[in-house]
Amino acid sequence: MLSEIAARLKAECAGLHEVQGLAALSQLRGDPPAHLIPAAYVVLLDETPESNSTTGAVLQLVRLRFGVVLFVSSGADDMGGEAVGTLTAVRRQELSALLGWTPTGAEEGMTFGGGELMAVAAGTLRWMDVFETTTVYRS
């Protein structure tokens, strides 16, 4: 499902120069190269199962939470206006691409689970949006 989410972001978000997954994010030494920003990295955050709903077999509804870690240039503006403007534009595209969309294997469309500032480093702002959906695990 992660690669499908990344492919959807690549196809639907013209403002992103790079869309990758956890492996690429874990290899970063700091921020992505400037020519790849704005960038997004898709990661699975957690899975929360409900109780098994059958006897003798397993049928569990599982809530999946995904993070989209966004990197945007913080710009030269001391007040952060440039970074906020870029982040807002990228997030609009991201939300439009993912909200309500149902990835393969999901039981329902993606919903928004929140967003938060992760860090502001030399030249880069990092933000993570969380999206949720459900799937079913069966034996």
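Is arginine 63 buried, partly exposed or exposed, and what is its relative accessible area? In this predicted model, arginine 63 has a relative accessible area of 27% and is therefore partly exposed. Its surroundings are described below, after the nonpolar interior.

The largest nonpolar core holds 24 residues. Those that touch the most other members are Ile5, Leu9, Leu16, Val68, Leu70 and Leu98. Two or more residues of this core are supplied by each of helix H1 (2-12), strand S2 (39-49), strand S3 (59-73), helix H3 (81-98) and strand S5 (124-138). Strand S3 provides the largest share, six residues. A second core, separate from this one, has eight residues, including Tyr41, Phe71, Met128 and Val130. In soluble globular proteins, nonpolar side chains tend to be buried together.

Valine 68 illustrates the contacts of a core residue. When residues up to four places away in sequence are not counted, valine 68 touches Leu9, Ala40, Tyr41, Glu94, Leu98, Trp127, Met128, Asp129 and Phe131.

Aromatic rings form two pairs in the structure. In one of them, the ring centres of tyrosine 41 and phenylalanine 71 are 5.5 Å apart and the planes stand at 80 degrees; because this angle is over 60 degrees, the pair is edge-to-face. Tyrosine 41 belongs to strand S2 and phenylalanine 71 to strand S3, so that distant parts of the chain, 30 residues apart, are linked. Tyrosine 41 is buried, with a relative accessible area of 2%, and phenylalanine 71 is likewise buried, at 3%. The other pair consists of phenylalanine 112 and phenylalanine 131, whose ring centres are 5.9 Å apart and whose planes are at 70 degrees, so this pair is also edge-to-face. Phenylalanine 112 lies in strand S4 (residues 111-121) and phenylalanine 131 in strand S5; the pair therefore ties together parts that are 19 residues apart in sequence. Phenylalanine 131 is buried, at 1% relative accessibility, whereas phenylalanine 112 is partly exposed, with a relative accessible area of 37%.

Charged side chains form five salt bridges. One of these joins aspartate 46 and arginine 65, with an N to O distance of 3.0 Å. Aspartate 46 is in strand S2 and arginine 65 in strand S3, 19 residues apart. Both ends of this bridge are partly exposed: aspartate 46 has 26% relative accessibility and arginine 65 has 24%.

Arginine 63 forms a salt bridge with glutamate 132 (3.6 Å, N to O). This pair connects strand S3, which contains arginine 63, with strand S5, which contains glutamate 132, across 69 residues. Glutamate 132 counts as buried because its relative accessibility is 17%, while arginine 63 is partly exposed. Glutamate 132 also forms a salt bridge with arginine 65, the closest N and O atoms being 3.7 Å apart. Here too strands S3 and S5 are involved, so the bridge ties together parts that are 67 residues apart in sequence. Through shared partners, salt bridges join Asp46, Arg63, Arg65, Glu108 and Glu132 into one network.

Glutamate 18, found in strand S1 (residues 18-21), is buried yet has no salt bridge. The nearest side chain of opposite charge, that of lysine 10, is 7.1 Å away. The side chain of glutamate 18 does make a polar contact with the side chain of glutamine 20, at 3.5 Å. Glutamate 18 further touches Leu36, Pro38, Ala39, Ala40 and Tyr41, with residues up to four places away in sequence left out.

Technical notes
Residues numbered from 1 in each chain as written. Heavy atoms only, no water. Core = buried A, V, L, I, M, F, W, Y, C linked by side-chain atoms within 4.5 Å. Buried < 20%, exposed > 50% of the residue type's maximum accessible area, 1.4 Å probe, protein only. Helix = DSSP H or I, 4+ residues; strand = E, 2+ residues; numbered from the N terminus. Contact = heavy atoms within 4.5 Å. Salt bridge = Lys/Arg side-chain N within 4 Å of Asp/Glu carboxyl O. Lys, Arg positive; Asp, Glu negative; His and termini not counted. Polar contact = N/O pair within 3.5 Å; in protein donor to acceptor, adjacent residues only side chain to side chain. Phe/Tyr/Trp six-rings, centres within 6.5 Å; stacked < 30°, edge-to-face > 60°.
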